[in-house]
Amino acid sequence: MRILIRGAAVIRRPEEGVIPKADVAIEGRRYAAVVEGGGIEGGFDRVIDGEGKLLIPGLVNAHTHLAMTLFRGFADDLPLMSWLEDRIWPAEKELTAQDVYWFSLLGLGEMIRSGTTAFADMYFFMEEVAAAVEEAGLRALLSYGIIAPTPAQAESELKRAEGFVRGWDGRAEGRIRAALSPHAPYTCGPEVWKEAAALAKELRVPIHTHLAETKEEVDRFVAEHGKTPALWLEELGVFAVPVIAAHCVHLSEKDMEILAAHSASAVHCPSSNAKLACGIAPVAELLSLGVNVALGTDGAGSAGDLDMMEEMRLAALFAKLKAGDPEALPAPQALAVATWRGAQALGQGKEWGTIEEGRRADGVLVSLKGAHLCPGHSPISDLVYAAHASDVVGVFVDGRPLLLDGELLTLDEEAVKAKCRELARRFR
Ligand SMILES: [Zn+2]
């Protein structure tokens, strides 16, 4: 399919600012041309009016647990450990494949509506998540979450994780990639980590995990092991493969240097970290040390929603609070963290993440018509500090429209919501 987006304002990559008006041609799965001022003519299957709209690279949710939309509003206003141990883990024991499939679809619809084109997800019943992703049309890095504190659980957990990688990596025309996910240093023993690293190397996939989310967790780990989780992982050889480390709220100077030295990515999850009062990740400091920082919502159970527009704004605001510096994480950098840095975290920064000829055509059209975006001095500032998910009017992945004129094209949202309400009744 050949698509022309005519006359939109365009952000090719946040560091380059805004082109006030351009024509953008998509051929098949890739961007074919971006012409400033416009003037591309003829032969398109579909022409989309970009007047009054801003085309940006797709937002990348680099850490979530999609099917936890089931636990939205289920157990709020609790500390992380009692939230997990008393409410979430017992409920997760009751989860079925059907629950995960439908609540994944629910989350995917929400993601599309808020401008997300790609995400990294770690959970259970990942075949169901993958099937939902294939149907909805997004791009994803998926992994089975390994929880194995003792050696006895290690083998079967690793086998399950490996089976998913072998079965799904590269599927859905390459939109689905797989990773390995030991859940966290405190939920998986050293043998699991060593084997997961060796396996990741062999399968050429990244490791996606949780790192240093709460102070309590890090203090307990240091008391038990005599070193920080990041240093412990480094000594086990885990950073020999690409690592996507969610949260990174409580890192020492040395931990940050470890992440930088091994080109690991830290995923900042401001909503979830705020809601569970974990603290604020040192985003500006991580970036200044050369660590790639991406952005994620975490699951809707701990974050409330999967809205990356909101997450981007919170990231910019929290970075200033954390650094005590209003110049920390300026709007273009916040957009970079939400877009191409996310693509880089997912290991696919050369293929997509910016709007450039030859790259995969993932993008989001944001309406600039709202009064809250007027008068429009700086579309990048407005996007980060004033725009809402409801301003997203178009979403494309691999050149395929998933949302146009506010309408979801790949999902029957009403049917998904009805099914989810019915399934949720078992969980109280
Ligand atoms: Zn998480």
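**Exercise 1. Place Thr 64 in its strand and decide whether Thr 64 is buried or exposed.**

Step 1. Thr 64 belongs to strand 6, residues 59–64. Strands here are DSSP runs of E with at least two residues, helices are runs of H or I with at least four, and both are numbered from the N terminus.

Before going on, note that this is a predicted model, where local features need pLDDT of at least 70, side-chain atom pairs count only at pLDDT 80 or more, and totals for chains, interfaces and linings use all residues. Residues are numbered from 1 along each chain as its sequence is written.

Step 2. Thr 64 is buried, because 30 C-beta neighbours lie inside 10 Å. The cut-offs are 20 or more other C-beta atoms within 10 Å for buried, 12 or fewer for exposed, and partly exposed in between, with C-beta atoms placed from the backbone.

Step 3. Beyond its neighbours within four places in sequence, Thr 64 is in contact with Phe 119, Asp 121, Gly 296, Thr 297, Asp 298, Gly 299 and Leu 306. Contact means that C-beta atoms, placed from the backbone, lie within 7 Å.

Step 4. Now try Met 122: its C-alpha is 6.7 Å from that of Thr 64, although 58 residues separate the two in sequence.

**Exercise 2. Describe how helix 12 packs on helix 13.**

Step 1. The axes of helix 12 (308–323) and helix 13 (331–338) come within 9 Å and cross at roughly 135°. Axes are lines fitted to C-alpha atoms over the stretch in contact, and angles run from 0 to 180 degrees between N-to-C directions.

Step 2. That angle makes helix 12 oblique to helix 13. Under 35 degrees would be roughly parallel, over 145 roughly antiparallel, 65 to 115 roughly perpendicular, and the rest is oblique.

Step 3. Helix 12 contributes Met 308, Met 312, Ala 315 and Ala 316, and helix 13 contributes Ala 331, Ala 334, Leu 335, Val 337 and Ala 338. These contact residues divide into 9 nonpolar, no polar and no charged. Nonpolar covers Ala, Val, Leu, Ile, Met, Phe, Trp, Tyr, Cys and Pro; Asp, Glu, Lys and Arg are charged; the others, Gly among them, are polar.

**Exercise 3. Find what meets where helix 2 packs on helix 3.**

Step 1. Helix 2 (97–113) and helix 3 (126–136) pack at about 35°, with axes 8 Å apart.

Step 2. From helix 2, the residues include Tyr 101, Ser 104 and Leu 108; among their counterparts in helix 3 are Glu 128, Val 129 and Ala 132.

Step 3. The tally for this contact is 11 nonpolar, 1 polar and 1 charged.

Terms used
Two residues are in contact if their C-beta atoms, placed from the backbone, lie within 7 Å.
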